[in-house]
Amino acid sequence: MTNNPAAPPKVGFVSLGCPKALVDSERIMTELRIDGYELVGSYADAELVVVNTCGFIDSAKAESLETIGEALDENGRVIVTGCLGVHEQEVKSLHPGVLSVTGPQQYEAVMGAVRRYLPFQKVHDPHVDLVPPQGIKLTPKHYAYLKISEGCNHKCSFCIIPSMRGRLSSRPIDEVMGEAERLVQAGVRELLIISQDTSAYGSDIKYRTGFWQGKPVKADMIGLCRALGELGVWVRLHYVYPYPHVDSVIPLMADGLVVPYLDIPLQHGSPRILKLMRRPAHAEDALQRISQWRAVCPDITLRSTFIVGFPGETDEDFDLLLDFIEAAELDRVGCFQYSAVAGAAANELSGTVSEAEKQARWDEFMRTQ
């Protein structure tokens, strides 16, 4: 057995934010291993640290900035990437010592920065230079996130994700299925399907048909679910908007091809607030659709998240939200107090709700759900 003449440089990695960011971290870490870098779990052991940040809401930005500062204090050589990276000047003004700042999905730019500040010429050894076909995963072996698209075409007034991650960009169906197959072959028993808008998958590429195992597969939500259902593992759908075509997925759940579970970000129950939020669905339509889903698949589990204290939310609007969640009888519910995000259109709305009132409404919501 041969050895590389030089010990591989050691890189530390901190991953913050949502599952989509976690998948980005997995991809960067896989590239680092392919290039011969060693991944370590402490600042002290690392020669350089990569911080993959979140910048969706102010609390997430604060956590990211704090983590960057911690990495600088503990290590001193830090590369920043991820959603907060779109605010490069803000990062550099607070932390001028960072080596590089890049935005989300800029994998090659991150690798270029690592190679620049921690150069290493790898000597390939087929006996030891093994990266698993599925890449490096940060989840337990039995499940993995499968990201099917990037970006979002919605213009929700409280959200700045399109400005950070761009418009919807769906992965080709054969590429998605190839990754899914490799994950299953590696022992994964549950695939968690993620994106910014899973139900919009394929719309940007005109649902272009691809091929998997010699068979044509349409690049839309239904075609994807049918193909994934053939892999013999649990397939769980996250970030699904309640569009009419989602109805066609429910029979697949009833037949056992897809886990009878939907994660649907409904956000509110007041038509007026939903309009101010620029959400693509109406509360009345959502209730009717939920009823239809349960008629087809009685075992379906529905999870959702809501926002209280949105600008302009009145007592009447909040009562409508409570009426909605009581009528919907959702299985799992999360609730957030509205937090202003720099650059979001909602910041221009009138009718700011006080922090005390947000807390009171959150408390009542949680008691009701």
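**Notebook: strand β14 and the largest pocket**

I looked up the crossover and found that β14 (residues 301-308), helix α11 (residues 315-328) and β15 form a right-handed β-α-β unit. Right-handed means that, with the strands pointing away from the viewer, the path from the first strand over the helix to the second runs clockwise. Helices (H or I, at least four residues) and strands (E, at least two) are DSSP runs, numbered from the N terminus.

The model is predicted: local features need pLDDT of at least 70, side-chain atom pairs count only at pLDDT 80 or more, and totals for chains, interfaces and linings use all residues. Residues are numbered from 1 along each chain as its sequence is written, and side-chain values use heavy atoms, with hydrogens and water left out.

I checked the neighbours of β14. Pairing takes at least two DSSP bridges between two strands. With β13 (residues 261-267), β14 pairs in the parallel sense over five bridges; Y261 has T301 as its bridge partner. With β15 (residues 332-337), the pairing is parallel over six bridges, and T305 stands opposite G334.

I then checked burial: six of the eight residues of β14 are buried, that is, under 20% relative accessible area with a 1.4 Å probe, protein chains only.

Last, I looked at the largest pocket. F56, I161, Y239, Q267 and F336 lie nearest its centre, among 45 lining residues. β13 gives the largest share of that lining, five residues, while β14 and β15 each supply at least two.

Methods:
Buried < 20%, exposed > 50% of the residue type's maximum accessible area, 1.4 Å probe, protein only. 1 Å grid on protein atoms, 1.4 Å probe; cavity = no way out; pocket = protein on both sides within 12 Å on 5 of 7 lines; lining within 4 Å.
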